[in-house]
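Trainee: Could you take me through one part of this protein slowly? I would love a close look at a sheet and what lies against it.

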Amino acid sequence: MRKKNKAVKAKTIITSHVNADFDAIGAMLAAQKLHPDAIIIFPGSQEKNLRDFFIRSMSYLFNMADPNMIDFSEVTTLVIVDTRQKNRLIGVSQLLENKDIFIEIYDHHPPMEGDIKANVDISKAYGATTTILSQIIEKQQIRLTPEEATVMALGIYEDTGLFTYSSTTKADFIQAAFLLSCGANVNTIANLVVKEIKTEQVTWLNELLNEMNVHRINGLDVNISTISSPSFITDLAAIVQKIMRMENLDIFFAIVLMGTKINIIARNRLPGVDVGKIMSEFGGGGHAYAASARIDNQTLSQVEIILLDKLHQEVKNIQIAKMLMSSPAITVEPCTTCKEAGKTMTRYNVNTLLVVDIKLNSYEGYITRQVVEKLLFHKLGGQPVCEYMDSETHFVSPDADMAEIELKIIEGKQRIIPVIDNTHIKGVITRSDLLHHLVQHNWEISHTQNIVSERQHVKKRHISNLLKKRLAPKTKKLLESISTAGKNLGINLYVVGGFVRDLLLDREIEDIDIVVEGDGIKFAKFYARQQGCRVNTYKKFGTAVIIFPDNFKVDVASARLEYYTTPAALPIVEKSSIKKDLARRDFTINTLALSLSQDDFGTMIDYFGAARDLKDKTIRTLHNLSFVEDPTRVFRAIKFANRFGFNIGKVTSTLIKNAVKINCFKHLSGLRVLSELKQIFGEENPIPAIRTMESYGLEKVLHNQLLITDTTYELFESVNKTLTWHDLLYLDEEYPRWAIYFMAILNRCSYRVCEQICLRLMVPAKEKDLLLGKRYKAENRLNLIEEAFPLTHQELYWGLIHFKTEFILYIMALTKNEAIRKAISNFYTHHRHIKPIVCGKDLLAMGIKPGSVYTKILNLILNEKLDNNLETKRKELNFAIEYARKNKLID
């Protein structure tokens with residue numbers, strides 16, 4: 001019998017946050033020095049170098065235990081380091097709920113809502129939590145071994161970014177020096193903290209750089225990169241820090257989908273932004289300058305949108321004026337002579353002076369060097385500056401944002417504006433200060449009378465060369481004519497969706513969908529009149545179809561916003577912008593737009609990372625309610641994945657499973673499901689899509705008794721083989737490809753189940769007859785053929801001639817007898833179009849009286865031809881004459 005492990009008993013427990021970093025490790029070790037009999041619960045870490053070092057080199061320093069093996073009944077004290085957030089702790093929930101437990105907290109993060117209430121809370125705004133505990137150890141003269149000092153120093157070095165982060169304090173330097181005096185090994189620290197980037201990490205570094213977007217939020221440059229990886233990226237935080245240094249960024253967020261989890265790594269250098277607070281909104285944490293979070297069950301696009309929203313809320317109160325201004329302001333009084341003002345400018349090396357009435361504590365205006373020099377040239381240096389100053393003044397408060405500053409300096413044509421707080425001049429912002437800042441951060445200057453509009457979150461790429469290379473001249477000419485019409489009406493036009501997607505994938509382009517920022521129907525009518533086309537309009541949805549003389553069609557829609565009143569309902573439509581129009585679409589790969597406006601014709605617009613997902617060959621939704629609002633998107637996800645050879649993203653796959661689990665399809669119109677199934681079954685090879693559908697249990701959407709078995713898949717493979725054979729004949733014959741796969745699915749279903757499926761899908765009467773009545777006739781005919789085989793050419797001909805192409809192909813796929821399949825293929829390719837050359841007029845000319853005998857004679861001739869007889873018309877006529885004489889139809 002296996003012996004049970006003995007429970008670990010302790011009065012004091014030490015722990016830290018999940019995904020522990022070196023600071024958390026160092027702080028736990030330091031806390032153990034203060035509580036020698038304590039047990040440490042190690043929360044684990046994602047960083048490989050930390051895990052390896054911990055396991056190989058320093059685990060022996062810690063008195064650790066598995067929380068599942070600890071007897072918590074005797075615990076009286078809980079020590080928490082490097083966090084105060086309950087949701088970042090594991091294994092100690094029952095201690096936190098016990099009001100009798102004495103709680104100590106050591107942390108360097110700022111206080112936040114929901115912090116754990118502690119009996120002792122020693123929190124200081126240092127660069128590392130280890131610094132706080134090191135101070136206590138030094139003060140209490142507790143001895144540290146070189147190994148212990150190395151582990152603690154690692155925490156300080158890492159969390160201060162080798163003392164380069166803005167959060168680094170004097171105390172961090174002092175305690176690092178103390179730990180070095182205790183024997184901390186600098187070489188060990190350098191090997192672990194100064195991380196050389198590895199070959200495989202260069203790929204991810206470049207990916208983050210390529211996918212970086214700059215967002216202008218209340219005067220600050222916020223950089224966001226969004227990428228995905230099928231597996232865990234080692235030392236992602238180090239890669240992010242490398243990019244911060246390489247690109248000299250102030251604020252950077254890396255949003256990375258790794259498997260099914262989205263990780264956000266945040267870094268910041270500015271004192272006015274707290275990325276720790278922002279990450280806490282995602283269930284993560286950290287401090288103002290470095291933070292992270294892990295997120296489940298959301299898409300990349302959704303997380304990025306939420307992050308931007310949080311940034312707008314958090315960054316809105318940043319005092320950019322304080323960052324830009326020079327202080328103190330150099331001023332002169334109104335009565336100061338221009339000559340003295342010139343000397344003051346030279347003394348302080350400035351080009352503009354504020355004119356301030358000290359007695360009234362009033363800002364009166366400013367005077368420039370250019371004006372002073374002209375006055376001196378004209379020997380007017382003795383004149384007071386108040387006579388020549390610019391008195392049309394503007395000023396800003398210390399909390400002014402960039403939009404206000406830019407507006408007042410550029411639009412107000414001000415060389416300088418003071419920053420005034422309650423009549424007190426705190427400093428000045430010059431035009432040079434502003435322009436230097438804008439250039440440094442690569443910002444565009446707005447020239448509108450309103451506030452400066454924010455740069456759109458959008459990637460743009462000019463693809464005119466791609467249009468020339470991949471578009472047919474006729475299509476390109478069509479787009480140019482649409483562009484010209486848009487210019488005449490003064491509206492923005494875009495070709496969107498599948499057109500742009502297929503252009504990038506170098507696939508055949510079948511449809512052209514135009515979106516108009518404005519009245520789509522008005523544009524369609526205008527263009528149709530110009531080109532001599534017909535137009536059909538649909539006012540409810542603001543859409544139209546332009547029909548050219550050769551019946552080629554172009555779909556036109558007003559840019560619109562859709563919302564759903566209930567799951568699976570049709571959307572309510574309102575006019576909107578191109579960005580919101582694209583945001584309503586099903587998957588990121590379908591959100592690309594190509595501008596047709598003449599000033600940027602051929603510019604591809606990507607708001608939602610579509611180009612990235614095309615590159616990654618991944619189908620992703622834009623938000624996590626996508627399948628709830630429109631469950632048909634589930635079928636479209638499978639269709640696109642099958643068509644393009646893409647994968648369905650893991651988060652999107654989870655959302656599909658959830659949609660099936662909560663039965664989002666119960667209110668979905670059967671006709672809409674039928675339409676999606678027709679498209680899937682109409683693909684060149686829908687079998688992988690059918691397998692994917694079955695893996696999600698989507699066959700139950702058709703009927704809960706529908707089973708797709710191995711036998712069904714064997715039939716599917718036979719159907720695919722048969723249709724491939726048929727397509728290689730290059731016959732100009734259309735047939736409903738989808739119907740043959742649908743018949744294969746229904747093959748082993750009872751008539752009752754088949755009828756109920758048709759009822760659920762609201763299958764039209766004609767198609768129901770195809771799937772039920774005529775399918776059964778085809779199956780019965782195959783049974784008769786198999787029973788009587790081998791058959792003559794004549795017998796097979798008369799057994800099959802009245803069946804349409806789709807049923808002939810279905811019968812070929814259904815039979816397992818290769819000889820029968822070969823005989824039917826011979827009928828299809830050689831015999832079914834055989835007809836007598838002789839016609840009724842020929843029989844009448846022979847003197848045969850019209851009647852049913854004509855059909856009999858012509859069929860007899862046909863039978864002979866099926867047996868390779870009667871090769872010429874003369875032979876057919878001789879056969880008819882002989883038959884007529886024999887049967888006394890003529891003399």
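Mentor: Happily! Let's start with helix H19 (residues 498-505), which lies across E19, E20, strand E27 (593-595) and strand E28 (603-606). Helix H19 runs at about 55° to E20. Contact here means heavy atoms within 4.5 Å. Axes are lines fitted to C-alpha atoms, for helices over the stretch in contact, and angles run from 0 to 180 degrees between N-to-C directions. Helices (H or I, at least four residues) and strands (E, at least two) are DSSP runs, numbered from the N terminus.

Before going on, keep in mind that this is a predicted model, where local features need pLDDT of at least 70, side-chain atom pairs count only at pLDDT 80 or more, and totals for chains, interfaces and linings use all residues. Residues are numbered from 1 along each chain as its sequence is written, and side-chain values use heavy atoms, with hydrogens and water left out.

Now for the sheet: it is open, has 8 strands with mixed pairing, and follows the order E19-E28-E27-E20-E21-E24-E23-E22. Two strands pair if DSSP finds at least two bridges between them. At the edges stand strand E19 (459-462) and strand E22 (534-538); each has a single partner strand, so one side of each is left without a neighbour in the sheet. From one strand to the next, the twist averages 25°.

Let's zoom in on one pair. Strand E20 (residues 492-496) and strand E21 (residues 513-517) are antiparallel, paired over 4 bridges. Within this pair, Leu-493 has Val-516 in E21 as its bridge partner.
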